[in-house]
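Hi,

Here is the structure I promised to pass on to you. Please have a look at it first, and then read on for what turned up when I went through it.

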Amino acid sequence: MSVHKLSRADAQQIAICAQLLQRERPSELVDMVRHLTLLQLDPTSAIAPSADLVSWSRLGSAYSPQDLLRALDDRELIEVGSTIRPAEDVALYRAEMLCLRDRPPVADWEKRFRAWLHANDACRQDILERLATNGPLPSRDIPDTCVVPWKSTGWTNDQNVIRLLGIMAELGEVAIAGRRGRDRLWDLAGRVYPDDPIPAEEEAARSRNERRLRSLGIARTKSTKVPVEPYDVGEAGEAAVVEGVKGEWRVDPVYLGRSFEGRAALLSPFDRLIHDRKRATELFDFEYGLEMYKPAAKRRWGYFALPILFDDRLVGKLDAVADQKAGVLRVNAVHEDEAFTDAMAAAVDAEVDALGAWLALPVVRS
């Protein structure tokens with residue numbers, strides 16, 4: 001099969017269409033998540049939670065966060081790890097969980113995990129029994145009977161039950177059944193996940209790669225290993241090269257030859273269009289980093305700056321915050337990566353106003 005030769009603009013438009021950010025918006029939340037394969041969860045909500053921002057960027061004013069809560073309550077969408085996924089995709093990840101459970105540990109960190117889990121097997125069994133009888137439960141209602149504490153330099157240090165639940169979830173034994181406020185409710189995985197046949201790991205991995213490429217449009221065969229969701233897609237799709245970019249890509253042929261109409265959009269820092277920072281640089285010449293962990297004096301774009309999409313280009317960052325105490329959406333700056341034309345500025349201003357209206361906050365521009 002021949003290698004598809006794409007211009008930079010071709011690759012950009014494919015990526016934007018695949019992420020449902022073209023002019024024609026999707027109309028329904030669950031179908032949107034089915035296509036995107038996931039909404040990433042993150043506790044930061046300087047403007048709004050990331051899952052809501054991603055949904056609003058696609059669906060516009062028709063989206064309400066209550067829609068997401070209803071879909072989770074109805075189990076059309078299910079929380080898996082730090083993502084929300086379509087219920088029908090969960091079996092693909094249960095296959096990965098079973099493989100992880102059955103595979104002997106290889107890396108040193110895997111061996112440490114297994115040793116810690118084995119040392120606290122009595123607590124693990126107690127959790128399973130407790131959930132079977134009383135679940136779903138928040139972690140604070142589960143007694144800590146670990147005999148070996150979890151040691152970490154991060155926030156999980158001595159958070160034994162939370163860490164144990166996380167490992168048990170990775171192994172497919174427990175699952176997040178819902179939330180009570182910000183607290184996750186845990187239950188036995190068999191009572192949360194759909195009772196769908198679990199495919200063999202090789203078949204599941206191939207399906208995950210194909211689904212991921214459909215949602216990204218264009219991606220690398222191999223990439224740096226990252227948490228939450230890989231950036232690469234194996235041998236899914238068809239080979240492609242992008243003019244001016246080294247190396248070979250994989251492209252989903254469903255997007256080849258499509259007409260394109262773009263629009264302006266404000267994106268979450270966790271949006272999959274820009275989440276792979278290297279791909280964003282290679283395809284869009286877009287430099288971006290989440291700066292909320294940097295001292296204020298060292299930030300170039302802001303605490304939780306939103307990447308700005310216009311037509312088929314990423315053109316800047318919006319430094320804004322939802323100031324709930326003052327009751328306003330405060331715009332600190334609009335950083336232009338390229339000089340905005342009058343049309344660009346008007347379109348971006350309209351999106352900022354639309355964001356304020358969705359948040360029910362008047363916009364105050366500095």
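R75 sits in the loop that runs from helix 4 (65-73) to strand 3 (77-80). Although R75 is not a glycine, its phi is positive, at about 60°. R75 is partly exposed, with a relative accessible area of 31%. Please keep in mind throughout that this is a predicted model.

R75 has company in T37, another non-glycine residue with a positive phi, here of about 80°. You will find T37 in the loop between helix 2 (29-36) and strand 2 (39-40). Is T37 buried or exposed? T37 counts as buried, because its relative accessibility is 3% and the cut-off for buried is under 20%. One more backbone feature to check is the peptide bond from G135 to P136, which is cis, with omega near 0°. P136 belongs to the loop between helix 7 (121-134) and strand 5 (137-138). I picked these places out because most residues other than glycine have a negative phi and most peptide bonds are trans.

Now for the protein as a whole. Its secondary structure comes to 12 helices and 15 strands. The radius of gyration is 22 Å, close to the 21 Å that the globule rule gives for 366 residues, so the protein is as compact as a globular protein of that length. Along the principal axes, the C-alpha atoms fill a box of roughly 65 × 60 × 40 Å. Buried residues account for 49% of the 366 residues. If you take the contacts between residues at least 6 apart in sequence, 62% of them join residues at least 24 apart.

On the outside, the accessible surface comes to about 17700 Å², and carbon and sulfur atoms own 51% of that. As for charge, there are 50 positive and 58 negative side chains, with the centres of the two sets 4 Å apart.

The interior is worth some of your time. The largest nonpolar core has 42 residues, and L53, L355 and L359 are the ones that touch the most other members. Several elements give two or more residues to this core, among them helix 2, helix 3 (50-59), strand 13 (313-323) and strand 14 (328-336). Which element gives the largest share of this core? That is helix 12, with 6 residues. If you would like one residue to centre your view on, try L355: leaving aside residues up to four places away in sequence, L355 touches I47, L53, W56, L266, L306 and L329. There is also a second, separate core of 28 residues, which includes C17, V245, F260 and F284.

Helix 8 (residues 160-170) also caught my eye. This helix is mostly covered, with 9 of its 11 residues buried. The buried residues of helix 8 include N160 and R163 as well as L164, L165 and I167. What do the buried residues of helix 8 pack against? Their partners are helix 5 (90-102), helix 6 (108-119), helix 7, strand 6 (174-180) and strand 7 (183-188). Just after helix 8, G172 takes a positive phi of about 80°.

Finally, some residues that I looked at one by one:

- L41 lies in the loop between strand 2 and helix 3 and is partly exposed, with a relative accessible area of 23%. Not counting residues up to four places away in sequence, L41 touches A51, E79, S82, T83, I84 and R179. From L41 to R140 it is 99 residues in sequence and 21 Å in space, C-alpha to C-alpha.
- E235 lies in the loop between strand 8 (218-219) and strand 9 (238-242) and is exposed, with a relative accessible area of 60%. Its contacts, not counting residues up to four places away in sequence, are T221 and R250. E235 and I142 are 93 residues apart in sequence, and their C-alpha atoms are 43 Å apart in space.
- S207 is part of helix 10 (residues 201-216) and counts as partly exposed, at 22% relative accessibility. S207 and F113 are 94 residues apart in sequence and 28 Å apart in space, C-alpha to C-alpha.

Over to you, and happy browsing!

Best wishes

Conventions
Residues numbered from 1 in each chain as written. Predicted model: local features only at pLDDT ≥ 70, side-chain atom pairs only at ≥ 80, totals over all residues. Heavy atoms only, no water. Helix = DSSP H or I, 4+ residues; strand = E, 2+ residues; numbered from the N terminus. Buried < 20%, exposed > 50% of the residue type's maximum accessible area, 1.4 Å probe, protein only. Rg over C-alpha atoms; globule rule 2.2 N^0.38 Å. Contact = heavy atoms within 4.5 Å. Areas by Shrake-Rupley, 256 points an atom, 1.4 Å probe, with all protein chains shown as cover. Lys, Arg positive; Asp, Glu negative; His and termini not counted. Charge placed at Lys NZ, Arg CZ, Asp CG, Glu CD. Core = buried A, V, L, I, M, F, W, Y, C linked by side-chain atoms within 4.5 Å.
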